[in-house]
Amino acid sequence: MRAGKIDPKQGLIPFAIVVVIMSSLLFVYLYLGREPVAEAEGFRAELAEGFGSAGLWALAIIYGRSVLKMALNEGTLLERFIPVYYQELSVSASRKVLNILNRTHKHVGAFAVAILAGHAALMGTVRWNLFLEMVLALLVWQGVFGLFLVVRFPPASLRRYGYLVHAQLFSGVMIGVFAGFGHLLVGD
Ligand code: HEM
């Protein structure tokens with residue numbers, strides 16, 4: 001990284017720690033006040049579970065791409081783990097995988113938002129809680145700004161703003177932490 005240039009990734013770990021601490025407090029508060037709800041059963045619940053797992057896979061692909069991007073950009077990070085003999089081979093293979101992930105990103109992203117919205121709807125609003133509602137809001141937020149990057153109409157300034165807020169891992173951290181705590185609340 002060039003000196004003097006601020007890397008937005010730098011604040012990611014402190015941010016994650018703060019989010020986990022605040023979420024733990026909110027979790028305790030919501031846990032103490034929660035009302036028991038029967039576990040979802042039957043075909044609708046099965047479908048909801050299937051959608052949840054598919055959404056999880058989609059998010060794994062999306063954030064796996066982010067990790068791969070960072071590993072390749074930082075170059076030396078890969079070199080630290082891979083024996084010299086295999087370095088060139090693995091870097092070129094990783095670039096190929098990254099190319100595929102880049103090309104399919106908008107489809108995987110749209111799929112993730114749609115399938116997880118379906119997952120939430122099928123589970124039923126009685127099972128929602130503040131954490132899960134925040135996850136839904138963040139998914140929609142990511143979807144909307146992602147859309148600004150791929151459709152033609154937005155002016156350049158909106159596109160730049162879209163990139164600024166869409167391509168950050170801060171929302172990814174919140175989605176992961178909130179989804180974790182949210183599911184702990186609805187689990188038994
Ligand atoms: C990051 C997004 C999300 C992912 C990856 C995800 C994934 C999953 C998975 C894998 C399951 C377990 C299915 C099984 O038992 O096999 C599940 C359960 C569940 N999810 Fe989600 N989910 C997400 C967001 C949401 C949202 C936004 C809501 C509601 C607003 C929600 C509500 C539920 C409920 C109620 C259950 C059942 C939990 C239980 O009874 O144990 N999920 N989810």
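This passage walks through the fold, the helix packing, the domain contact and the ligand shell of a predicted model.

To start with the overall picture, the chain comes out as seven helices and zero strands. Read from the N terminus on, that gives the run α-α-α-α-α-α-α. The C-alpha trace spans about 55 × 40 × 35 Å along its principal axes. The domain assignment splits the chain into domain 1, covering 41-127, and domain 2, covering 129-188.

Now for how these two domains sit against each other. Their C-alpha centres lie 15 Å apart, and the contact takes ten residues from domain 1 and ten residues from domain 2. On the side of domain 1 that touches domain 2, H2 and H4 each supply at least two residues. H4 gives the most to that side, with seven residues. Sorted by class, the residues on this side of domain 1 are six nonpolar, two polar and two charged.

Next come the helix pairs, beginning with H2 and H4. Their axes are 7 Å apart and the packing angle is about 150°. With angles over 145 degrees counting as roughly antiparallel, that makes H2 roughly antiparallel to H4. The crossing of this pair, H2 and H4, is left-handed. As for what the contact of H2 with H4 is made of, its residues divide into 20 nonpolar, seven polar and four charged.

H5 and H7 also pack at an angle of about 150°, here with axes 8 Å apart. These two helices, H5 and H7, are therefore roughly antiparallel to each other, and H5 passes H7 in a left-handed crossing. From H5, the contact uses Phe-131, Leu-132, Met-134, Val-135, Leu-138, Leu-139, Trp-141 and Gln-142. These meet Ser-171, Met-174, Ile-175, Phe-178, Ala-179, Phe-181, Gly-182 and Leu-185 in H7. By class, the contact of H5 with H7 has 13 nonpolar, three polar and no charged residues.

H7 has another partner in H1, the helix at residues 12-32. H1 and H7 pack at an angle of about 25°, with their axes 10 Å apart. With angles under 35 degrees counting as roughly parallel, that makes H1 roughly parallel to H7. The crossing of H1 and H7 is right-handed. On the H1 side, the contact is made by Leu-12, Phe-15, Ala-16, Val-19, Val-20, Ser-23, Phe-27, Leu-30 and Tyr-31. The H7 side brings Phe-170, Val-173, Met-174, Val-177, Phe-178, Phe-181, Leu-184 and Leu-185. The contact of H1 with H7 breaks down into 16 nonpolar, one polar and no charged residues. Met-174, Phe-178, Phe-181 and Leu-185 of H7 turn up in the contact with H1 and again in the contact with H5.

That leaves the ligand. There are 21 residues around the ligand, and Gly-52, Ala-120, Met-123, Arg-127 and Leu-132 come nearest. The elements that give two or more residues to this shell are helix H2 (42-73), helix H4 (84-123), helix H5 (130-150) and helix H7 (170-186). H2 gives the most, with six residues. Both domains take part: the shell draws at least three residues from each of domain 1 (41-127) and domain 2 (129-188). In terms of chemistry, the shell around the ligand has twelve nonpolar, six polar and three charged residues. Leu-132, one of the residues that come nearest to the ligand, is also part of the H5 contact with H7.

Note on methods:
Residues numbered from 1 in each chain as written. Predicted model: local features only at pLDDT ≥ 70, side-chain atom pairs only at ≥ 80, totals over all residues. Near = placed C-beta within 6 Å. Helix = DSSP H or I, 4+ residues; strand = E, 2+ residues; numbered from the N terminus. Nonpolar A, V, L, I, M, F, W, Y, C, P; charged D, E, K, R; others polar. Domains from an automatic or database assignment. Contact = placed C-beta atoms within 7 Å. Axes fitted to C-alpha atoms, helices over the stretch in contact; angles between N-to-C directions. Parallel < 35°, antiparallel > 145°, perpendicular 65-115°, else oblique. Left-handed = near helix turned anticlockwise from the far one by under 90°.
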